Structure formats: structure tokens, C-alpha cells
Amino acid sequence: MSGNARFEDRTDAGQALAAMLHGRTKPTTDDVVFETQALCRQFGDAGTRVDALRDVGLSILQGEFIVLLGPSGSGKSTLLNILGGLDVPTSGSVRYRGLELSQADEATLTRYRREHVGFVFQFYNLISSLTARENVQLATELVASPMDATSALAMVGLDGRQDHFPSQLSGGEQQRVAIARAIAKRPDCLLCDEPTGALDVQTGRQVLEALARVNRELGTTTVVITHNASIGRMADRVVRLRDGRIEGIDANARKVGASELDW
Ligand code: ADP
């Protein structure tokens with residue numbers, strides 16, 4: 001199901017993606033990882049109804065780095081949860097490479113999450129009695145051909161920290177272990193909900209650098225939630241949400257490195 005194979009290397013893939021995002025070529029069905037149409041999610045009932053998402057239409061392409069930007073309560077987590085098969089819409093369509101997630105049964109959604117999606121949340125949820133390497137290994141036990149834990153930790157710059165326990169690591173390092181855990185099963189897409197929300201600027205940048213490297217070198221389609229507009233500068237496209245609607249989508253002519261960001 002991965003769309004990467006047809007590219008010789010990541011440079012070709014990056015150039016092909018840029019050509020599509022800037023309108024020079026048209027994406028084919030194979031290039032589209034997610035597509036939502038008229039997506040709505042309501043919570044509560046008549047008296048207490050909240051429209052968390054209203055009429056959201058969005059396509060996300062293979063290899064894209066997307067930032068979902070919006071104030072608290074604008075629907076970012078709801079959208080990410082639906083893309084990740086953790087929640088289903090009230091109405092409308094959400095497809096992952098042609099699989100209609102809104103119609104999928106629980107077993108299909110479980111398999112989808114396990115095989116194709118890596119999640120990173122604000123809080124790292126590492127197991128405190130396991131080392132960094134063991135935390136990563138544990139997540140790959142049910143996976144057919146995982147990356148080995150040492151390579152996954154090296155990818156996020158933690159080569160020297162494999163045998164450390166979470167309590168011996170800083171917040172930013174723990175978050176990078178969480179990223180290594182998510183990528184070790186070689187997911188097609190990485191969905192990150194406020195991954196730098198609990199971190200200071202300096203460590204936040206290191207976490208974002210790790211995400212950018214995974215996106216660039218493994219070609220993992222990446223969606224990052226933030227309420228911080230500065231982080232949008234490292235994305236291919238910024239999707240701005242407000243009151244459950246897409247307010248606008250901006251393609252960056254030039255992505256900046258995470259080390260250049262400030263907030
Ligand atoms: P964001 O991630 O942008 O902060 P959310 O997607 O978490 O926004 O929430 C969007 C809206 O939906 C908010 O008004 C929130 O209170 C509401 N909401 C989210 N999840 C639930 C839920 N499980 N039950 C009721 N309301 C919810």
C-alpha cells in the first residue's frame with residue numbers, strides 16, 4: 001500500500017511532491033493518502049450539540065508534511081483522530097488510499113491503525129520500567145517487518161540513549177523516543193497531536209527536527225497539530241482550522257528547517 005516504491009530515491013519523491021503542490025503536475029489517485037469530503041463530526045445531542053468539524057474537504061498527498069493550525073477548540077484533534085481511525089465522522093467521507101474509514105468495522109480500523117498509522121501525542125506515554133530501546137521494541141511486536149529499535153532511535157538522534165530509562169531522559173528526549181516508537185513499525189503516515197506542547201523552544205525544535213528528518217528520509221506522510229503559527233513554516237502546507245471549518249490552506253514556497261523556527 002505504500003506509494004514510495006515507485007520513486008528511485010527521496011530527492012525524486014520530494015521534487016514530484018513539490019511539482020504537485022505548486023500546480024505544475026496533477027496528483028494521481030496513487031499520490032493521495034487521505035481524502036475527506038463534506039466531513040462533519042458532532043458531539044452531544046440536540047440541547048448540547050457541538051459541531052467539532054463542519055464540511056471539511058481535504059486531500060493529503062504521499063510524503064507531505066502538513067501542519068494543522070488553529071486555536072483551541074477549532075477541531076484539530078477531532079480531525080486527526082478521524083484520519084487515524086480513532087474516531088468516526090457523523091457524516092461525510094474519509095478515505096485512506098481508497099479505504100472508506102467512515103464505513104469500516106472495528107476490526108478493519110484496528111488493523112488500519114496497527115499497520116499504517118504512527119501516533120505521537122503531547123505526553124509521551126512511555127513505560128517507565130522499560131529502557132528507550134525496550135519501549136520501541138514493544139511497539140513492534142505485532143508488526144510484520146519493523147525497523148530495528150536501534151535504527152529507529154538513531155533516526156531521531158538518540159543513538160547514545162538506548163539503555164536509558166524514561167526518568168533518565170529529558171522531556172524532549174522522551175518525546176523523540178515516542179517518535180522512534182511510532183516510526184519503528186514503518187507506518188505510511190505519522191499523526192502528531194501537539195508534539196511540542198509540553199516542551200520549551202529549544203527542545204521543541206529538536207523534536208520537530210526529528211519529525212522533519214523522518215518525513216524527508218523515510219517519506220512518511222506527516223500531520224502535525226499545533227496552535228503555534230511559527231511551526232507552519234516547516235510544512236509543505238498549512239491547513240488553518242477555525243470553528244470546525246477549514247479557513248484556508250497555504251502552500252509554502254520554501255520550507256524552513258526546524259532550527260530556524262522561533263516562538
Ligand atoms: P482542538 O484540537 O482544535 O483544540 P478539538 O477537536 O479537541 O479541538 O475540539 C473541537 C470541539 O469539539 C471543541 O468544542 C470540543 O470541546 C468538542 N469536543 C471534542 N471532543 C469532544 C467529545 N468527546 N465530547 C464532546 N465535545 C467534544
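Student: Which residue in the turn of the β9 and β10 hairpin has a positive phi?
Tutor: This is a predicted model, where local features need pLDDT of at least 70, side-chain atom pairs count only at pLDDT 80 or more, and totals for chains, interfaces and linings use all residues. Residues are numbered from 1 along each chain as its sequence is written, and side-chain values use heavy atoms, with hydrogens and water left out. Strands β9 and β10 (strands are DSSP runs of E, at least two residues, and helices are runs of H or I, at least four, numbered from the N terminus) form a hairpin with two residues between them. In that turn, the residue with a positive phi of about 50° is Asp243.

Student: How many bridges does β9 make with β10?
Tutor: Strands pair if DSSP finds at least two bridges between them. Here β9 covers residues 237-242 and β10 covers 245-251, and Val239 stands opposite Ile249 in β10. The two strands pair in the antiparallel sense, and the number of bridges is six.

Student: What is the pairing in the sheet with the order β6-β7-β8-β3-β9-β10?
Tutor: That open sheet has six strands, and its edge strands are β6 (117-120) and β10, each pairing on one side only. We've just seen β9 and β10 pair in the antiparallel sense, whereas β7 (residues 189-193) and β8 (residues 221-226) run parallel over five bridges. The pairing of the sheet is mixed.

Student: By how many degrees are neighbouring strands of that sheet turned against each other on average?
Tutor: Angles here run from 0 to 180 degrees between N-to-C directions, using axes fitted as lines to C-alpha atoms, for helices over the stretch in contact. For this average, though, direction is ignored. The average turn is 15°.

Student: Which residue of β8 is the bridge partner of Cys192?
Tutor: We're still on the parallel strands β7 and β8. Opposite Cys192, the bridge partner in β8 is Val224.

Student: What is the order of the open sheet of four strands?
Tutor: Start at the edges, β2 (50-61) and β5 (99-100), which each pair on one side only. Next, β1 pairs with β2 over eight bridges in the antiparallel sense, and β1 (residues 32-43) also pairs with β4 (residues 91-96) over five. The pairing is antiparallel, and the order is β2-β1-β4-β5.

Student: And which residue takes a positive phi in the hairpin of β1 and β2?
Tutor: Between these strands there are six residues. Within the paired part, Glu35 stands opposite Ser59 in β2. The residue with a positive phi near 80° is Gly44.

Student: Are α6 and α7 roughly parallel or roughly antiparallel to each other?
Tutor: Helix α6 (residues 171-183) and helix α7 (residues 201-218) pack at about 20°, with their axes 9 Å apart. Angles under 35 degrees count as roughly parallel, over 145 as roughly antiparallel, 65 to 115 as roughly perpendicular and the rest as oblique. The two helices are therefore roughly parallel.

Student: How many residues of the α4 contact with α6 are nonpolar?
Tutor: Contact means heavy atoms within 4.5 Å, and this one is made by Ala132, Asn135, Val136 and Ala139 of α4 and Val177, Ala180 and Arg181 of α6. Ala, Val, Leu, Ile, Met, Phe, Trp, Tyr, Cys and Pro count as nonpolar, Asp, Glu, Lys and Arg as charged, and the others, Gly among them, as polar. That gives one polar residue, one charged, and a nonpolar count of five.

Student: Over which residues does pLDDT stay under 50?
Tutor: pLDDT is the predictor's confidence in each residue, from 0 to 100, and the protein chain averages 93. Where pLDDT is low, the predicted coordinates should not be read in detail. The stretch under 50, with twelve contacts beyond four places in sequence, is residues 1-6.
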